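Subject: Structure for you to look through

Dear colleague,

I am handing over the structure we spoke about, and below it you will find my notes on what turned up in it. Please keep the viewer open while you read, so that each place can be looked up as it is named.

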Amino acid sequence: MNWSPEAMSMIEAAPPAVRPMIRRKVESIAAERGLAAISSEFVTALMADRHGEKAQGGSETGTELDLAPYFAREDGDPLTSAFEATNDVHVFADGQTLTSGQAANAWAETERAEPTAGRPRSLYIHIPFCRSRCVFCPFYANRWSDEAGGEYARALVREIEQLAETPLGQAPLDAVYFGGGTPSDLAPEDLSAVLAAIHDNLILADDAEVTLEGRISGHEPDLTRSALDGGVNRFSVGVQSFNTDLRRSLGRKASRKDALAFLNRLADTQAAVVIDLIFGLPGQSMETWQEDLRCLDEQTSIHGVDLYRLKAVPGSVMEEMMAGGRLPCRADLAESAALFAAGVEAMQSFGWERLSIPHWRRDVRKRSRYNSLVKSGADCIPIGCGAGGRIGRVRFFQTGDLGTYLAAVQEGRKPVASAIQLAEHCHTVDRIAAELERGHLAATGWAEAGGPLAAPLDAVLAQWARAGLLSQAHGGYDLTVAGQFWSVQMGSRLARLVQSMREEPNVAVR
Ligand code: SF4
C-alpha cells in the first residue's frame, strides 16, 4: 500500500520494535475502508481515535471509574494467569504526535534552551547496520558494507560537531551508548573517529559510562583496542544463548566455544562486560536455559547479564519460520513464566546481585547507568540514523532512511523526523516505570499520590497484593516473582490509571 512521506514519518515516531506492527494495523484498517493510499490525515485520525479510548476494557462514564479492568485475577497461579498476555514491552505515558514540521521546531527550541544544571543526561548513537540478520530481531535495518560504514561514521562526526555548537551540546553527559544494529561492526578507525569527536566536542562527566553494544562475530581485537583507547568502559554483547545449535538456528555464527573465548578475552580488559541472554526461544527447553545460566556463572568471567523474554513480533522472520514449520514454536506464556522464575532462582543461587528486574551483576563494574537513566525518563540526546531520544517531555525520532539522514547532516540539519509531546503526567509514569523496574513500589512519593490518584492507586495496589503480585515491604510494596514477570503489564495499567485520573480528577471510584 502507498504511504505519503508525511504518514511514513509519523510511523517513524514509534519505537522501532513496534513500527512493523503499527504499520500493518494501519494498512489493515485502510484496506477495510477501501483506501488505496495512506495519508497523514488518515494516520492522525486513527491516533486521535486511539487517544480517545479509555482504559482497556474500562467503563468510566465521566462520573464513575470502574477499577475492575486494572485488577489482576485472584483465582489462579499469579505467575501464569494474573493478566491476559499482551505485547506491551515498555511503560509509556500517552502523548501527542507532532508533524515533521512541529518536530523540527521542537528540536530547534530544545537545542537552543539552556539545559537544566545537574539534570542527568545521556547520548545515544545509533549504528543502523548489521553484517547479517538474526531471525528474532525487529531492529535489522541495513546490510553492512565497509564503504557505507565509513561514510556513516563521517556523518556521525559531523552531527556530533553540530550538536556541540548548541547549548544542549555543552551540558555534561553521564552516559554514552552505541546501540544498533551492530556497533561492533564499525571499522576500528571509524569507531575511533566517532569516539574522538565525542571527547573533542562534548563534555563527559568524570565517571561517565561509555557502552559499545555488539555481537561476537566480527568483533576483532583491533576493534576492542580502538574502543578502549577511545574511552569505552563497558561492552554489551548480545549472546542470547550459549547453545551452539540454538545460536545457529537464530542466525548467530559463533559457537559456544567461540562465544566463551571471546567473552573471557573481553573480560580481561578493564571494561565492564555484560551480555544478554534470552528465554523463550524456539527450541529452547528448561534444560537448555538452565545450562545457559550455569555456563554463564561457571565458565565466563563477565560482570553482568540481562535476562530478557523473547518478544513476539508479528510478521518477523522468526514468526514466519515458525508458521512454516522451519523453526519450533517459541515458549508460550506459561512456559515463559516458568523460564523466568527458573532464571531468578538460578541467579539468586549463584549469588549475583540484582540491579533491577532483568539486570544482574557479580562485579561492581556493571553499573547499567544508561539503562537506568533512560528508564527513569532522564534526557537522552539522539545521534544517528534511526536514533530515538528524549529531552524533557518530548520524545524525538530521527529519520530511519539512510539517504535522508546523510543528506540532512550534510546540509547541517538535525535529522529529526517526528516527535511525541508527552502528556503532563509523564513524570509520574516515569517514576512508576523506574520503581517497577527496580522491583519496589514506594508509591507514596508519586506526584499525584496525595491527590485524586491516592484512592484508586491504593485500591489497585492492595488488589495486586491479594492477587500475589506484590508483598508489603519497607513502607511500600516489593514485586513478587509473579509481579516481576508481569511488571510491564502492571506499569501499563498504572500509566492508564494516572491518565484517567488526570482527565477526570473528580470521578468517583467503584
Ligand atoms: S545483530 Fe543485533 S540488530 Fe542486527 S539483526 Fe542481529 S540482533 Fe538485530
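Is Thr97 buried or exposed, judged by its C-beta neighbours inside 10 Å? Before answering, please keep in mind that this is a predicted model. Thr97 has 22 C-beta neighbours inside 10 Å, and because the cut-off for a buried residue is 20 or more, Thr97 counts as buried. You will find Thr97 in strand E4, which covers residues 95-98. Its C-alpha atom is separated by 7.6 Å from that of Ser418, although the two residues are 321 apart along the chain.

A second pair of this kind is Ser132 and Arg252, which are 120 residues apart along the chain and have C-alpha atoms separated by 8.6 Å. Ser132 belongs to the loop between strand E6 (129-130) and strand E7 (142-143). With 15 other C-beta atoms within 10 Å, Ser132 falls between the two cut-offs, 20 or more for buried and 12 or fewer for exposed, and is therefore partly exposed.

These pairs can be set beside some totals for the whole protein chain. The chain has 19 helices and 22 strands, and buried residues make up 45% of its 510 residues. Of the contacts with a separation of 6 or more, 76% are accounted for by residues 24 or more positions apart.

Next, the ligand. The residues around the ligand are Cys130, Arg133, Cys134, Cys137, Phe139, Tyr140, Gly180, Gly181, Thr182, Arg215 and Gly238. Sorted by class, this shell holds five nonpolar, four polar and two charged residues. Two members of the shell, Gly180 and Gly181, deserve a second look, since the peptide bond from Gly180 to Gly181 is cis, with omega near 20°. Gly181 itself sits in the loop between strand E8 (173-180) and helix H7 (188-201).

The backbone has two further places that I would ask you to inspect. Gln240 is not a glycine, and yet it has a positive phi of about 70°; His474, also not a glycine, has a positive phi of about 50°. Which of these residues is buried, and which is exposed? Gln240 has 26 other C-beta atoms within 10 Å and is therefore buried, the cut-off being 20 or more, whereas His474 has 8 C-beta neighbours inside 10 Å and so counts as exposed, the cut-off there being 12 or fewer. As for their places in the chain, Gln240 is found in strand E10 (residues 234-240), while His474 lies in the loop between strand E20 (470-473) and strand E21 (476-479).

Finally, please look at a pair of helices. The axes of helix H16 (residues 426-438) and helix H19 (residues 487-503) come within 10 Å and cross at roughly 160°. Because angles over 145 degrees count as roughly antiparallel, H16 is roughly antiparallel to H19. Their crossing is right-handed. On the side of H16, the contact is made by Thr428, Val429, Ile432, Ala433 and Leu436, and on the side of H19 by Ser487, Met490, Gly491, Leu494, Ala495 and Val498. By class, the residues of this contact divide into eight nonpolar, three polar and no charged.

With best wishes

Notes:
Residues numbered from 1 in each chain as written. Predicted model: local features only at pLDDT ≥ 70, side-chain atom pairs only at ≥ 80, totals over all residues. Near = placed C-beta within 6 Å. Nonpolar A, V, L, I, M, F, W, Y, C, P; charged D, E, K, R; others polar. Helix = DSSP H or I, 4+ residues; strand = E, 2+ residues; numbered from the N terminus. Axes fitted to C-alpha atoms, helices over the stretch in contact; angles between N-to-C directions. Parallel < 35°, antiparallel > 145°, perpendicular 65-115°, else oblique. Left-handed = near helix turned anticlockwise from the far one by under 90°. Contact = placed C-beta atoms within 7 Å.
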